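Me: I am new to this structure and would like to go through it by question and answer. Please show it, and then we can begin.

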Amino acid sequence: MKTMPPTKILQYDEEVMTKALDDVMRGVPVYAVAKKYKIPRSTLRSKVKGINPISRKMGARTAFTADEELKIEEWVLELARKGFPVSKGTFLISMQRLAAQLGKDIFRDRVPSKKWYGSFMSRHPRISNRVAQNLTKSRSSITNEQLDGWKNDVYTYLEGNGLASVLDDPKRVFNADETAFFLQPKAGKVMAERGCKNIYQAVGNDEKECITVLFTGNANGDLAPPLVVFRYTRIPLHITVNVPTSWAIGKSEQGWMTCAIFYEYIGNQFIPWLEKENIVRPVLFFVDGHVSHLSMEVSQLCSQNDIVLVALYPNATHLLQPMDVSVFHTLKASWKEKALQHRLSGGEVSKSNFCALLDQLLLDVYRPEILANGFKKCGLVPWNPLEVTVRPAAPPKATEPNTETNLCCPNCIPWLKTVIGAEKIASFSGNKDSIPVTDHSLCQLWKKVTTGLEKNTVTILEAPLANAEDPVEDGMEIPAPLEVSAPLDPVEDGMEIPVPLEVSVPLDTVEDGMEVPAPLEVSAPLDPVEDGMEIPVPLEVSVPLDTVEDGMEVPAPLEVSDPLEASGTPIPSTSSYIPSPFKRCLFWPKESTVPKKRRSKEKIPSVISSPQWQEYHQKKLNLKKQKDEEKQKRLAARLKKRQEKEDEKCKKAARRLFTSSRKTKESEDSDASSNDEAGSLKSSSGGEWDEKSSGSSDNELHAPRKEVGEYVAVRYENKIFPGRIIVVKEDGVVVTAMVRHGRLWKWPQREDRLFYAWDDVVGKIKTPTKFSSTREIYDVPQVANL
């Protein structure tokens with residue numbers, strides 16, 4: 001059995017039906033019109049006769065009528081234009097309240113479903129889900145008049161100094177800005193088990209650590225070598241070896257951009273890059289109003305090298321800065337994927353491999369068209385003041401209404417009447433003297449509330465449209481969306497708008513009679529500075545203007561003629577010296593306020609290239625290796641000299657022992673022949689020695705008596721130690737020895753008891769003499785002579 005192919009119920013849309021009805025009204029037969037537009041004749045006749053409505057859709061009726069949904073759409077768009085976009089949850093809650101206030105029981109469980117939300121979004125293509133960007137009050141208060149005034153001032157300055165032609169060359173217009181890259185970026189939505197509340201992702205210990213990177217590029221899409229700022233005093237070698245050779249490396253205490261880093265980046269990296277790329281100067285350099293970008297030293301350095309610094313309008317970088325508008329969003333979104341892929345492959349994102357990963361990301365993602373489109377979107381190249389426009393803000397109001405009062409304003413006054421009482425409220429309208437003293441504050445509250453509600457009542461979507469019992473009639477209006485007062489004060493006639501380019505000087509600090517510098521922080525680079533010519537102080541002076549008194553002298557910054565010449569490098573402090581790889585680098589002219597130390601310290605630039613860092617580390621390693629070799633040589637010489645001294649001592653001891661033994665033998669022979677002499681000596685096998693009859697000096701050694709408690713000198717590993725005999729045996733003695741304490745001796749905490757053969761017993765010594773009355777230290781001169 002053959003099945004018929006499915007046919008579309010409505011093979012025409014409303015626009016086709018409208019054209020068909022127009023043809024019929026002009027007299028064209030219904031048959032011809034139905035055949036031309038492929039509309040059934042019966043359908044066309046019923047539409048012409050008014051039996052069926054012209055606009056007809058299949059399916060059930062919508063929860064709200066077409067007019068109501070149109071006004072809901074306008075409410076959503078109006079709130080988004082005024083800076084209060086509606087989220088999905090807020091929108092569903094508002095629709096639930098609106099249905100309840102209109103008396104429509106159209107949602108299951110009185111809650112709009114996801115299906116209804118999807119259908120509503122499909123019926124209104126003007127509304128889409130977007131990610132809202134937080135915008136501060138200062139940014140949201142920017143007006144088109146302010147932006148137009150800034151662009152007019154900039155172009156007037158450029159035209160007056162003959163620099164307007166620079167805007168026609170995209171390679172000569174630059175923008176620079178820094179951004180932070182997290183080493184462990186947060187992941188977006190992931191897949192997990194349904195119903196599981198806590199989903200975790202394993203990352204390293206440095207989950208909140210980020211690295212600052214400065215990007216510089218021109219309107220042609222060419223990127224200068226980036227600058228990576230690390231939080232180090234001296235950057236380790238394992239980081240510098242992984243940084244591309246053309247990139248610049250900076251260091252600071254907090255890892256943020258500073259005046260010194262930006263100054264040295266311009267002198268050591270950006271200016272040499274301009275010369276390498278053969279870019280014609282002067283060039284325009286658009287930067288934001290950060291204090292590190294607009295210092296006096298940077299302004300003077302740029303002026304001397306034909307770089308015109310132009311500060312973007314304050315709080316408008318999200319509209320005027322090409323890096324913010326087009327580059328950073330693309331790079332950061334791709335960086336999340338790059339870091340995730342690296343972790344999935346078993347690696348870990350750290351400071352060591354950050355630059356290598358970012359370099360690979362730039363090669364894969366960045367295209368010159370991205371930055372070029374950013375300059376075009378900001379209206380800089382080509383110069384188009386009408387390119388950037390700001391949505392008009394809501395008109396200002398005299399007073400800012402209370403949100404809580406506005407939400408409950410329909411029932412506020414009746415409730416307040418029941419609380420205060422009708423009699424007291426009636427007395428409030430009379431004479432003030434007739435009101436009791438205890439009710440004065442209550443009277444003032446009543447008057448303020450009623451007056452405020454009359455002037456500042458704001459109707460929101462959640463407010464009731466009508467009583468629930470009343471049916472919805474044609475022409476009934478849905479409440480207007482929430483009115484938002486403008487955060488800016490109204491501009492009155494004759495009020496002067498501040499000069500847009502004064503980014504560093506707060507307007508509220510300018511006193512009467514105080515002179516404010518010119519708005520642009522750069523001087524004309526092409527005009528030579530003649531004798532006696534006064535250079536205006538740029539706006540980026542770090543000294544507050546309100547602190548400068550009459551007669552106070554502000555120190556002039558250090559003049560730098562050429563950042564690449566050694567003669568132009570500021571002379572370093574006497575307490576520091578510059579290593580050889582950095583002799584030709586430009587240094588921040590201001591000296592550090594840290595107290596000087598006695599030790600001489602190396603002076604290292606804040607910004608240098610990766611090869612210079614590697615050369616510095618290599619020289620440090622070579623110097624350390626050389627010092628270690630010299631140290632080992634000195635140690636070997638000391639050990640050799642010490643061994644020679646010990647050998648010489650052993651030889652002298654052996655000679656003295658030999659002399660003492662010979663004298664002892666001669667004395668024994670003489671004593672054996674003469675029995676009259678006092679202090680006779682027994683036979684060599686066990687006789688006693690008379691020290692007085694020996695005739696030897698006090699420092700000479702004698703043969704031991706072989707008695708317990710006798711002090712003797714023993715030899716152990718070719719060294720002589722004093723000790724006391726504890727046990728006497730036939731082949732030797734057990735001696736507890738002393739240990740050396742400098743040139744003296746002491747008894748060890750743990751007794752050093754050891755057996756010594758008679759050959760290792762050098763001889764008898766005198767009782768050690770105590771050297772100190774408070775310490776157990778002894779002097780043994782006989783052993784010292786050995």
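Me: In this predicted model, which residue forms a salt bridge with Arg 123?
Reply: The model is predicted. A salt bridge needs a side-chain nitrogen of Lys or Arg within 4 Å of a carboxyl oxygen of Asp or Glu. For Arg 123, the closest N and O atoms of the pair are 2.7 Å apart, and the partner is Glu 69.

Me: How many residues apart are the two members of that pair?
Reply: Arg 123 is in helix α6, residues 114-123. Glu 69 is found in helix α4, which covers residues 66-81. The pair links distant parts of the chain, and the separation is 54 residues.

Me: Is Glu 69 buried or exposed?
Reply: Buried means under 20% relative accessible area, and exposed means over 50%. The relative accessible area of Glu 69 is 5%, so Glu 69 is buried.

Me: And what is Arg 123 by those cut-offs?
Reply: Values between 20% and 50% count as partly exposed. Arg 123 has a relative accessible area of 31%, so the term for Arg 123 is partly exposed.

Me: Which residues is Glu 69 in contact with, leaving aside its neighbours within four places in sequence?
Reply: Contact is taken as heavy atoms within 4.5 Å. Arg 123 is one of the residues that qualify, and its side chain also makes a polar contact with the side chain of Glu 69 at 2.7 Å. The full set is Thr 62, Phe 64, Phe 120, Arg 123 and His 124.

Me: Which residue forms a salt bridge with Glu 73?
Reply: Glu 73 lies in helix α4 and its partner in the loop between α6 and α7 (137-140), so the pair ties together parts that are 53 residues apart in sequence. Glu 73 counts as buried, at 5% relative accessibility. The closest N and O atoms of the pair are 3.8 Å apart, and the partner is Arg 126.

Me: How many residues apart in sequence are the parts tied together by Glu 209 and Lys 351?
Reply: The side chains of Glu 209 and Lys 351 meet in a salt bridge, 2.8 Å from N to O. Glu 209 lies in the loop between β1 (173-182) and β2 (210-218), and Lys 351 lies in helix α14 (residues 351-365), so the parts tied together are apart in sequence by 142 residues.

Me: Is Lys 351 buried or exposed?
Reply: The cut-off for buried is under 20% relative accessible area. Its partner Glu 209, with 26%, is partly exposed. Lys 351 has a relative accessible area of 19%, so Lys 351 is buried.

Me: Which residues are joined into one network by salt bridges that share partners?
Reply: The count of salt bridges comes to eleven. Some of them share partners, and the network they form joins Asp 23, Arg 26 and Lys 36.

Me: Why is helix α11 described as largely enclosed by the rest of the structure?
Reply: Helix α11 covers residues 296-304. Its buried residues include Met 296, Val 298 and Leu 301, and the buried residues pack against α10 (259-276) and β6 (307-311). The helix is largely enclosed because the buried residues number seven of the nine.

Me: Which strands stand at the edges of the open sheet of five strands?
Reply: The order of the sheet is β15-β12-β11-β10-β16, with antiparallel pairing. Each edge strand has a single partner strand, so one side of each is left without a neighbour in the sheet; these strands are β15 (752-757) and β16 (761-764).

Me: Which residue in β15 stands opposite Val 733?
Reply: Strand β12 covers residues 732-737, and six bridges join β12 to β15. The two strands run antiparallel. Opposite Val 733 in β15 stands Tyr 756.

Me: Which backbone nitrogen does the side chain of Ser 772 reach at 3.3 Å?
Reply: Ser 772 lies in the loop between β17 (769-770) and β18 (778-779). Its side chain reaches the backbone nitrogen of Arg 775 at 3.5 Å. At 3.3 Å, the backbone nitrogen reached is that of Thr 774.

Me: What percentage of the residues in the chain is buried?
Reply: The chain has 22 helices and 18 strands. Of its 786 residues, the buried ones make up 36%.

Key: Residues are numbered from 1 along each chain as its sequence is written. This is a predicted model: local features need pLDDT of at least 70, side-chain atom pairs count only at pLDDT 80 or more; totals for chains, interfaces and linings use all residues. Side-chain values use heavy atoms; hydrogens and water are left out. Helices (H or I, at least four residues) and strands (E, at least two) are DSSP runs, numbered from the N terminus. Buried means under 20% relative accessible area, exposed over 50%, partly exposed in between (1.4 Å probe, protein chains only). Two strands pair if DSSP finds at least two bridges between them. A polar contact is a pair of N or O atoms within 3.5 Å; within protein, one must be able to donate a hydrogen and the other to accept it, and residues adjacent in sequence count only if both atoms are side-chain atoms.
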